[in-house]
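Colleague: Could you walk me through a few side chains in this model?
Modeller: Gladly, take a look and ask away.

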Amino acid sequence: MNTELKNELTIVRVLNAPRERVWRACRESEALKQWWGQPKDATMLICEVDFRVGGSLLCGIERPGDARIWFKWTYREIVDGEELVMEQHLSDETGSERDSTDFPASMVTLRLEDMNGKTKLTIVHAGMASEVNRVENFKEGWSQSLDRLAESLTHR
């Protein structure tokens with residue numbers, strides 16, 4: 001019997017917005033606060049962006065009844081308007097990494113493709129699963145975040 005954890009998730013969404021608008025939503029602080037890494041009941045109170053290879057995205061996210069949780073993504077590759085590759089870490093408010101066996105470092109890749117005024121967004125998240133946090137949890141979280149992204153794009 002194979003007891004190895006599935007450790008990669010791919011989600012594809014077609015968004016009803018031009019690629020440049022989706023790209024802005026993936027790199028600008030105020031736009032990221034509307035959707036990035038947030039299930040439907042969460043709020044991002046802090047979002048610091050240093051958008052360059054080697055720079056980082058630091059976010060403080062809260063859910064009702066829970067303490068604020070911090071994440072840091074380090075930008076590993078940026079292809080303007082087309083692709084982001086980021087290393088994700090659980091962190092503290094200063095950006096110090098707090099990875100563990102329950103919350104390991106992982107890689108997130110976003111690819112944007114133009115589809116005649118719409119955007120095909122492909123997200124690949126790899127290396128994040130643990131005994132505590134299964135791929136299915138991340139699938140649900142990404143799905144809710146992408147619902148929020150789609151909604152935020154209708155108001156821009």
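Colleague: Where does Asn-133 lie?
Modeller: Keep in mind that this is a predicted model. Following the chain, Asn-133 belongs to the loop between β7 (118-126) and α3.

Colleague: Thanks! Is Asn-133 buried or exposed?
Modeller: Its relative accessible area is 14%. The cut-off for buried is under 20%, so Asn-133 counts as buried.

Colleague: Which backbone oxygen does the side chain of Asn-133 reach?
Modeller: Leaving aside neighbours within four places in sequence, Asn-133 is in contact with Asp-102, Phe-103, Met-128 and Phe-138. The side chain of Asn-133 comes to 2.9 Å from a backbone oxygen, that of Asp-102.

Colleague: On to the rings: how many aromatic pairs are there, and why is Trp-23 with Phe-51 edge-to-face?
Modeller: Happy to count: there are 6 aromatic pairs. In the pair of Trp-23 and Phe-51, the ring centres are 5.9 Å apart and the planes stand at 80 degrees. Planes over 60 degrees apart count as edge-to-face, so that pair is edge-to-face.

Colleague: Nice. Which of Trp-23 and Phe-51 is buried, and which is partly exposed?
Modeller: Phe-51 has 27% relative accessibility, so Phe-51 is partly exposed. With a relative accessible area of 1%, the buried residue is Trp-23.

Colleague: And how many residues apart in sequence are the parts tied together by Trp-36 and Trp-142?
Modeller: Their rings form an edge-to-face pair, with centres 5.4 Å apart. Trp-36 sits in the loop between α2 (29-32) and β2, while Trp-142 is in helix α3 (residues 135-153), so the separation is 106 residues.

Technical notes. Residues are numbered from 1 along each chain as its sequence is written. This is a predicted model: local features need pLDDT of at least 70, side-chain atom pairs count only at pLDDT 80 or more; totals for chains, interfaces and linings use all residues. Side-chain values use heavy atoms; hydrogens and water are left out. Rings of Phe, Tyr and Trp (its six-membered ring) pair if their centres lie within 6.5 Å; planes under 30 degrees apart count as stacked, over 60 as edge-to-face and the rest as tilted. Buried means under 20% relative accessible area, exposed over 50%, partly exposed in between (1.4 Å probe, protein chains only). Helices (H or I, at least four residues) and strands (E, at least two) are DSSP runs, numbered from the N terminus. A polar contact is a pair of N or O atoms within 3.5 Å; within protein, one must be able to donate a hydrogen and the other to accept it, and residues adjacent in sequence count only if both atoms are side-chain atoms. Contact means heavy atoms within 4.5 Å.
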